[in-house]
Amino acid sequence: MLNCSSPLKMTSRLLWVAFKLAALTLSVTLSLQPEQQKVLLVSFDGFRWDYLYRVPTPHFHYVMKSGVHVKQVTNIFITKTYPNHYTLVTGLFAENHGIVANDMFDPILNKSFSLEDMNIYDSEFWEDAIPIWITNQRAGRASGAAMWPGSDVKIHESFPTHYMLYNESVSFEDRVAKIIEWFTAKEPIHLGLLYWEDPDDMGHRLGPDSPLMGPVISDIDNKLGYLIQRLKEAKLWDTLNLIITSDHGMTQCSEEKVIELDQYLDKDHYILIDQSPVAAILPKEGKFDEVYEALAHAHPNLTVYKKEEIPERWHYKYNNRIQPIIAVADEGWSILQNKSADFMLGNHGYDNALAEMHPIFLAHGPAFRKNFTKAAMNSTDLYPLLCHLLGIPALPHNGSLSSVQDLLSSPATRPAPHTPRLHGGVRPGEHEQEEPYAYFIGVSLGSILVVVFLIVFVKHLIPSQIPTLPDMQAEIAQPLLQA
Ligand SMILES: [Zn+2]
């Protein structure tokens, strides 16, 4: 019951109620159009940005024409699969999300992680960050992941709502079938993640310069065509926001460009945690100086860093899993223990400033502009974009929604007051975003309500100069309480 002792106090109460109503209107407005908040994120592993122009890729070009295309994505160092896929779903640099390589050793946990042996299921390696499928589920929505790296690992006690255990022999068509099933279920997912191993696999084997890569790229284009066809059949094509990207590119290697560690280092003095093209070296106790000195000027195409000297631009320093010494090969050079180790004609992992390390980015859907091309973006910017599309709050990250909002059919950002500190500088004002049009409508409706209440109040206040004021207040109070 409103109990106003003065007209001024009552006015402020009315304003307060009006603003509460405005806030309610805003929250209702924000939850509109759930169909258009659906997102499917697809990664074709190792799809270098310029593969699009190597052979005809009509399906990729169809998406570009009816959606947006970012020519090159600057990914994160090191330009390897697991670090970059975790960045796509967290917006964090490797030093912040903790998946610093495909092969790692954590001296605090005293545990190893290795993609090679699929020894990747230890939750503790993943829990420096919270991937977007968990945040989506915490917001009350369902997520579905078809073989996305890390999506079958229990992270912070959670799995995606639906997921597939990783098995590279499951066909692309079967993965797509699961995605469609989840998006069209009675309780549909809002976030889908789809992963495919090529053109990375063939890029390693053939080398990206091989003419045999043409058919490999054509095959990926056909797979995209298949996905589009299935989305259209399921009536998802016009409502879903589809994003097609990748983790890294690929560069041509050569057996003439090999750096053999055994030529410079005593094998008993160190442990090689990760290999080419960024050798992660853990010297044995008391051997740091010896190992460093032996390697520092060993080869003109090898740059050796003590951990604390790693360039800031790589955002690759502040994590226990980054080893005391890293040795980085120049583009196209391979680091091997010796010539008996496996050599690959194509590789990635090099400096993320190199164009050949950069992957593709295309998107299509109700949230995106049509036939719009942009020169470049950072892969860390995808995470706040995904959060915006899903209408969920973004956790602290290293990206920037405002850097990619020109891809959207209606602009997005609204600054948030505070972002906690992370290494590499989380962009301020990028923590949370709301729909600007929804915000505008909510505020407008709220303002109209305020004006209406003021008119009602003033109209009744004038007769209230005569002694019936308490009755008048009761009349006004009644409908407000019901509201
Ligand atoms: Zn990869």
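A cavity here is a set of grid points where a 1.4 Å probe fits but cannot get out. With that in mind, here are four close-up views of this predicted model.

**View 1. The largest cavity and the residues around it.** This enclosed space amounts to about 60 Å³. Of its 13 lining residues, A101, D274, A280, Y316 and R321 come closest to the centre. Strands β3 (103-106), β11 and β12 (278-283) each contribute at least two residues to the lining. Sorted by class, the lining has 9 nonpolar residues, 1 polar residue and 3 charged ones. If you would like to look further, the structure holds 2 cavities of 30 Å³ or more.

**View 2. The largest pocket, set between two domains.** Here the space comes to about 1,100 Å³. Because domain 1 (38-92 + 129-248 + 352-413) and domain 2 (258-347) both give residues to the lining, the pocket lies between them. Look for N102, D103, L115, E116 and M344, which lie nearest the centre among the 39 lining residues. At least two lining residues come from each of α3 (81-88), α7 (200-206), β11 (270-274) and β15 (334-336). Helix α7 gives the most, with 4 residues. The walls are a mixture by class: 15 nonpolar, 11 polar and 13 charged residues.

**View 3. The zinc ion and its donors.** Zoom in on the metal and you will find D45, T81, D247 and H248 coordinating the zinc ion at 2.0 to 2.7 Å. D45 appears twice in the donor list, each time through OD, while T81 uses OG1, D247 uses OD and H248 uses NE2. Along the chain, these donors follow the spacing D-x35-T-x165-D-H. T81 sits in helix α3 and D247 in the loop between β8 (241-245) and β9 (251-252), so this pair ties together parts that are 166 residues apart in sequence. T81 and D247 are both buried.

**View 4. Helix α10, wrapped by the rest of the structure.** This helix covers residues 382-390, and 9 of its 9 residues are buried, so α10 is largely enclosed by the rest of the structure. For this count, buried means under 20% relative accessible area. To trace the helix residue by residue, follow L382, Y383, P384, L385, L386, C387, H388, L389 and L390. Just after α10 comes G391, whose phi is positive, near 70°.

How values were computed:
Residues are numbered from 1 along each chain as its sequence is written. This is a predicted model: local features need pLDDT of at least 70, side-chain atom pairs count only at pLDDT 80 or more; totals for chains, interfaces and linings use all residues. Side-chain values use heavy atoms; hydrogens and water are left out. On a 1 Å grid over the protein atoms alone, a cavity is a set of points where a 1.4 Å probe fits but cannot get out, and a pocket is an open set with protein on both sides within 12 Å along at least five of seven lines; lining residues have an atom within 4 Å of a point. Grid points are joined across faces, edges and corners, and a volume is the space filled by probe spheres set on the points. Ala, Val, Leu, Ile, Met, Phe, Trp, Tyr, Cys and Pro count as nonpolar, Asp, Glu, Lys and Arg as charged, and the others, Gly among them, as polar. Domain bounds come from an automatic or database domain assignment. Buried means under 20% relative accessible area, exposed over 50%, partly exposed in between (1.4 Å probe, protein chains only). Donors are N, O and S atoms within 2.8 Å of the metal (3.2 Å for Na, K and Ca); water is not among the atoms, so sites may look incomplete.
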